[in-house]
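Reader: I've got a chain on the screen and I'd like to talk through its folds and hollows. Can you walk me through it?

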Amino acid sequence: MSSFADFQNEIYLSGLAGVTPALPMTAAGLERRAAEVLDPAAFAYVAGSASAERTAAANVTAFEKYRLLPRMLRGTSAPGARDLSLEILGTRFAAPILTAPIGVLGLLHERGEKVVAEVTRELGIGMVLSTAASSTIEEVGAVAGDWWYQLYWPNDPELARSFVERAEKSGAKAIVVTADTPALGWRPRDLELAHLPFLQGKGIANYLSDPVFRAKLATPPEESEEALRMAVLTWIGTFGNHALRPADIARLRDWTDLPVAVKGVLHPDDARQVVDAGADAVIVSNHGGRQVDGSVAALDALPTIVATVGDRAEVLFDSGIRTGSDVMIALSLGAKAVLYGRPWAYGLGLAGRDGARHALRTLLADFDASMGLSGCTGVADLSRTMLSSFR
């Protein structure tokens, strides 16, 4: 029986013929290569975070507070000894890893979101599609496996409802409401380049293709540059919703039968309120450090959120995952699954489908091998007993 960890065997066997990997084998290596190769504006958009980027750095270093306590002599490193699959919000995945929603993937590859959909389908893991996509909901749904739709809730409720209904019709298995982005954070890397791709008509494919949004336009956006410019101005007036409240989750429940997760939660009271309002899951996240610099590292917020709502809702984790052991630590602290972001985006920009696949296989292989070497046969073996907190 094959496993994700077999990736290393492929690499070593290829090495016998003098073939070495075309891309780096670490998240940090992918970032360094991307900084060297990608268009500066595209790299800044993906890599950049809020203000001094302290929270982005803290998301990664927060994992240093914990160490794993591997168990020996359990036979779990043998081929076929592990099953990493699990069910999350009613859908079974081959591993507790989903791609985080990253917008405007057209900056990195012309088929951006569709490539990620194809790769995640092949690997058996989940994809979370951003509202701010370069491909439409329908285009992604046509090639994806099991995927969720991330909703940036606009200030027009009919447009929000249309997005949700399109996603459900296209095969999405859950709706993820991002709560931490009623407006964009202060992002110096983008500001220094005066680059906001949406103003160029990039990353708004789901708006331009939506009947509710198009009804606001005097002229279809595809007819001329001026029509597109007017559509962008309409988008500016539509994006973001400062009035959104936990009670709106109940309204979302009226629009769809799909499970609902709320992403961007760090405070236990916020977690309690959205679950009380009907959310099926909470995703502990600070948007990869892209919104409020100096905010708490996502991992530091995770245990309290689990203690607060973990008995009533599924808790997932996002922001800072870079290695297989990071995945193990987050799951041991009570997360049901993790969302993985920037490294696969760098891979996508560097080598398209092969690059995204490489980055995801690298994390999956690292996670699988680390699980086996720690005496774990599956994710159910991960708990606080696997951790040693030393700081």
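What follows is a chat about the overall build, the core, one helix and the empty spaces.

Author: A quick note before we start: this is a predicted model, where local features need pLDDT of at least 70, side-chain atom pairs count only at pLDDT 80 or more, and totals for chains, interfaces and linings use all residues. Residues are numbered from 1 along each chain as its sequence is written, and side-chain values use heavy atoms, with hydrogens and water left out.

Reader: Okay, how many helices and strands does the chain have?

Author: Helices (H or I, at least four residues) and strands (E, at least two) are DSSP runs, numbered from the N terminus. On that basis, the secondary structure comes to 16 helices and twelve strands.

Reader: What radius of gyration does the chain have, next to that of a compact globule?

Author: The C-alpha atoms fill a box of roughly 70 × 50 × 40 Å along the principal axes. The radius of gyration is taken over C-alpha atoms, and the globule rule is 2.2 Å times the number of residues to the power 0.38. For 391 residues that rule puts a compact globule near 21 Å, and the chain agrees, with 20 Å.

Reader: What percentage of the residues is buried?

Author: Buried means under 20% relative accessible area, exposed over 50%, and partly exposed in between (1.4 Å probe, protein chains only). Of the 391 residues in the chain, the buried ones make up 56%.

Reader: Which element gives the most to the largest nonpolar core?

Author: A nonpolar core here is a set of buried Ala, Val, Leu, Ile, Met, Phe, Trp, Tyr and Cys residues joined through side-chain atoms within 4.5 Å. The largest one has 125 residues, and Trp148, Tyr149, Leu299, Leu302 and Phe317 have the most contacts inside it. With twelve residues, the element that gives the most to this core is α16.

Reader: Which residues does Leu299 touch?

Author: Contact means heavy atoms within 4.5 Å. Leaving out residues up to four places away in sequence, Leu299 touches Ala62, Phe63, Tyr66, Phe317, Ile329, Ala330 and Leu333.

Reader: Why is helix α3 largely enclosed, and what do its buried residues pack against?

Author: Seven of the eight residues of α3 (residues 40-47) are buried, so the rest of the structure largely encloses this helix. Those buried residues are Ala41, Ala42, Phe43, Ala44, Tyr45, Val46 and Ala47. They pack against α2 (27-37), α8 (188-192) and α16.

Reader: Is Asn59 buried or exposed?

Author: Asn59 is found in helix α4. Among the residues it touches, not counting those up to four places away in sequence, are Asn286, Gly288 and Ser319. Its relative accessibility is 1%, so Asn59 counts as buried.

Reader: Now the hollows: what is the volume of the largest cavity?

Author: On a 1 Å grid over the protein atoms alone, a cavity is a set of points where a 1.4 Å probe fits but cannot get out; a pocket is an open set with protein on both sides within 12 Å along at least five of seven lines, and lining residues have an atom within 4 Å of a point. Grid points are joined across faces, edges and corners, and a volume is the space filled by probe spheres set on the points. A search of the whole structure finds two cavities of 30 Å³ or more. The largest of them has a volume of about 460 Å³.

Reader: Which element supplies the largest share of the lining of the largest cavity?

Author: This cavity is lined by 32 residues, with Pro101, Ile102, His287, Gly288 and Arg290 nearest its centre. Elements that each supply at least two lining residues are α3, α4 (54-61) and β11 (338-340). The largest share, three residues, comes from α4.

Reader: And which element leads in the lining of the second largest cavity?

Author: The second largest cavity has a volume of about 50 Å³. Of its 13 lining residues, the closest to the centre are Ile102, Leu105, Met127, Val128 and Leu129. The largest share, three residues, comes from β5.

Reader: Which residues lie nearest the centre of the largest pocket?

Author: The largest pocket has a volume of about 380 Å³. Its lining has 23 residues, and nearest the centre lie Thr178, Ala179, Asp180, Leu244 and Val262.
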